[in-house]
Every structure is written in structure tokens, then in C-alpha cells.
Amino acid sequence: MASLPFIFFLSFFIISTTLTSAGAAAATIKLSLSPFPHPSSSHPYQILNNLVTSSVARAHHLKHPKAKADNTTSSLLRAPLFSHSYGGYTISLKFGTPPQTLPFIMDTGSSLSWFPCTSRYLCSQCAFPNVDPAKIPTFAPKLSSSSKLVGCRNPKCSWLFGPDVESRCQDCEPTSENCTQTCPPYIIQYGLGSTAGLLLVENLAFPQKTFQDFLVGCSILSNRQPAGIAGFGRSAESIPSQLGLKKFSYCLVSRRFDDTGVSSNMLLETGSGSGDAKTPGLSYTPFYRNQVASNPVFKEFYYVTLRKILVGDKHVKVPYSYLVPGSDGNGGTIVDSGSTFTFMERPVFEVVSKEFEKQMGNYRRVREIENRSGLAPCFNTSGYTSIEIPELSFQFKGGAKMALPLVNYFSFDGDDKVVCLMIVSDNVVGQGSHSGPAIILGSFQQQNYYIEFDIANNRFGWAERSCA
């Protein structure tokens, strides 16, 4: 049990630490990560309800998706990462010649990177806190000498549309050698949001290196998308695939730093050099690919094998079919920076939440707050000088355990003296079916963890850190 004076839970004290990766010496590319803003005028329970709704909608999208050279030295690219109160973490990337700098939401659950594009860009329902839809930064292709539309016969067009894309290009006869028709427009869904546009190849510039002919989306129309997307999924069009990354890592600052400008670093490592050396202090578990042909999009996700969920010292009995994908590809656990709160399918959520209810039986449930926030269970801690909350731990294949800090899985409201479990399910906002990943590990539960996606060695690493 975590037992501390209640006031401790209300103050998230952050200290600064750094973590250096082991292996061969490397030049460095850093990206800054920051969280994205909520209105100071909004009631905190309305903010939570918005994030719950977007997290569940994101889970529905991930669970029902639509299909779609060896170096001798190592180079590390670095960029600041910022947190925002609409639930995302952004990095700044430079595209074009000369470079134009734009913010992008860092997303490990999708692969295409895109930016708001041209002066005619339109974003509907994009009046987020601290976001003026009319002032969303846009990329101007006409100001870049390296911008080129992707042609229908460009192999990169097939990354999104498949090998038979030429059949959709009516002006391209099979015998024609000079087809000038552009790649079809794309439309992408992100839970509650969406975007549409045309594919470009463009220069992506870092201080140490410029990557030419990088495939990127030029979005003309979006819905509920306050910034572009930096796709860190596993498909060919993703940043890791196009840059040939060996690994990438990030450390997500606490949500208390939303919209403050406080950032941490995202690291992108290219080339070779460190072999299979592990970063000191990290725990690891293998990635695996969901190879079910019936839905190839599942191959885009970063699956890990979750063996056990523990509430306190109690191993909750999660049905095996939810922990490991079956022959239909449904089930299993993915890591997704684009989801705010961790999502669990209803049968998983029920056994976890009921165990919290059992071990916290001394505290009264607050149904009104549950209805307002969209979270459950919520408990009234009024009158207690200290409270006891069971630890929440995930144990993965290989025995590595992620024991979450208390602030990563319970929310605290100092005025109402109410605490709520910060995990969501269809059980909270509607019913769902057993399809796609059963558990989605979101960014809220990754706060103040150093997270490593070691692509070359097919493993996921983590260690608790103070990221600010």
C-alpha cells in the first residue's frame, strides 16, 4: 500500500536528471517534448471527462483500424518534447528548403507524418485551449524549393495505398512511361479527429543531417487536430523506418507542466555502433508483431506481452485471451503515446477496478464525480489525514515489472478530497466488442519514465525518472 500524508499527493515535486545511453560515441539529435493545453477556466472534472472521451475514442480507432542501408557509425538526433493539456506531447521538426519549423504531436500508434499545409488549411472543431484555429502554424510548399508532389507511380505512394495503387490512377496507362498523375489524396482517422490531404516528398532537417525525399502529408483539411502528427509507428512511412532508426527514446514530463514550456528530450538514434548493448538501469521486455493477415494495420503497433496485472500484492485474474492476441489478431497490449489514459477492455477493467474497490473499501464511492469526470472508481477521502492506495504494477514477459508511481494512476482533487482511478474502458462511456488490442498503455501512465523503443533489438525498455 502507498500510505503518505494527503498533501503529498497534491504536490508533484520534480527534480532534473539526465540519462545517457550506453554504447559507441554518437553525435546527437534531440527533440523537445511538451504536453498540449486545457482551459484554465474549465472545471477539472470537465477536463478529465474530455480526456477520457478522447482516450476511449482513440482506443476504438486503434482497435478497429483501416488497412493501409547498413551504416557503420551511430548518430543521435535530439529534439525537445513538450506536454499539452489537450492530452498530447509535441516535438518541433524542420521541413523544406529553407527549413520551416512546425509542432507535431508525437504518436507511436500511427506512421504517416503530416503537417497543416498551405494558407488555405482549414481545421474544424479545433478551438482547443490556447489554440486559435485561425493561427495554427502551416507549411508553405511554395516557399520550399525541395517540395514535390508524390506521383502515382512513385513506390512511396504504395506505402499508404498498397501495391495496386496504379489501378486507381486512371490517367496512367499500363504502357505509359510519362504518367504525371499524383498519388491519390489520403484521409486518416484518429479517434475523434481526422485529416486529409496530398502526399509530398520533402527535406527533413536536423542540425547534424538533412534527410531528403522524406514522405510527409500536406493536410488541407482536418477535424479536431490542433497540430500535425509525427508518426513513430512500425510501417514503411514512419519516421523510424524512413530515417533508419536503431532506436528512439523519450521521457514524458509530468502533466502538471502542460502548456508551461517545460520540456524533456526525445532521442533518435540512427546507424549502428552499440550492437545489442542495453541502456544501464532500464528494464526490458521483447516487442512482437501481430502478424494476422486479416488486419495488416495491427502490424503497425508496438505490442508487448503483459503477463500479470497486480493491485497491491494481489494478482488479478485477467482472461488469457485478452493478454495474448488470438488467431484473429484480437487481444494483447500495445504502447501508444497518442492515447492519453491507458485503456482496458471491459473484462480486464472490471477485475482491476473491483480489486481497487475491495482494497479501498474504507472509502466511500462518489458516483456524482464519476459521472462528471468519466472516471471510475472515485473515492471520497475527506476527513483522512493520510490515505492508503494499493500499488498498480504490470509484469511483462521476461519478468520485468513496471510499478507505476501513484500519481500515474490516481487523480487527486485537493478541494473535493476525491481520488479517481485514471484508467478508462468502454465500461465508462459505452459498450465495445473484443477487437484489436485489449490494453493500450497511454501517455499518462508513462509520465516520468524514460521510455526506449529499441527497434534494432526488438525490445521495449523503461525506467522511472524525473523528466523535467
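Modeller: A nonpolar patch is made of residues with over 30% relative accessible area and no salt bridge, their nonpolar side chains joined within 5 Å. The model here is predicted.

Biologist: Which residues form a nonpolar patch on the surface of this structure?

Modeller: Leu-122, Ile-220 and Leu-221 do, and together they have about 260 Å² of accessible area.

Biologist: Where does Ile-220 lie?

Modeller: Ile-220 belongs to strand E11, which covers residues 210-223. Its relative accessible area is 34%. Partly exposed is the class between under 20%, called buried, and over 50%, called exposed, so Ile-220 counts as partly exposed.

Biologist: Which residues gather in a patch of positive charge?

Modeller: For charge patches, like charges are joined within 9 Å. On this surface, Lys-308, Lys-314, Lys-317, Lys-358 and Lys-401 gather in a patch of positive charge. One of them, Lys-308, lies in strand E17, residues 306-311. Lys-308 counts as partly exposed because its relative accessibility is 33%.

Biologist: Now the backbone. Why would a positive phi or a cis peptide bond be worth a note?

Modeller: Because most residues other than glycine have a negative phi, and most peptide bonds are trans.

Biologist: Which residues does a cis peptide bond join, and what is omega there?

Modeller: One cis bond joins Thr-97 and Pro-98, with omega about -5°. Pro-98 lies in the loop that runs between strand E4 (89-95) and strand E5 (100-107). Another joins Ala-376 and Pro-377, with omega about 0°. Pro-377 is also in a loop, between helix H7 (367-373) and strand E22 (378-380).

Biologist: And phi: what value does Asp-213 have?

Modeller: Asp-213 is not a glycine, yet its phi is positive, near 55°. Asp-213 is found in strand E11, the strand that also holds Ile-220.

Biologist: Is Asp-213 buried or exposed, or partly exposed?

Modeller: Its relative accessible area is 33%, so Asp-213 is partly exposed.

Biologist: What is the phi of Asn-448, and where does Asn-448 lie?

Modeller: Asn-448 has a positive phi of about 55°, although this residue is not a glycine. Asn-448 sits in the loop between strand E29 (439-441) and strand E30 (449-454).

Biologist: Is Asn-448 buried or exposed?

Modeller: Buried means under 20% relative accessible area. Asn-448 has 12%, so this loop residue is buried.

How values were computed
Residues are numbered from 1 along each chain as its sequence is written. This is a predicted model: local features need pLDDT of at least 70, side-chain atom pairs count only at pLDDT 80 or more; totals for chains, interfaces and linings use all residues. Side-chain values use heavy atoms; hydrogens and water are left out. Accessible areas come from the Shrake-Rupley method with a 1.4 Å probe; for residues, only the protein chains shown count as cover. A salt bridge is a side-chain nitrogen of Lys or Arg within 4 Å of a carboxyl oxygen of Asp or Glu. Lys and Arg count as positive and Asp and Glu as negative; His and the chain ends are not counted. The place of a charge is taken as NZ of Lys, CZ of Arg, CG of Asp or CD of Glu. Helices (H or I, at least four residues) and strands (E, at least two) are DSSP runs, numbered from the N terminus. Buried means under 20% relative accessible area, exposed over 50%, partly exposed in between (1.4 Å probe, protein chains only).
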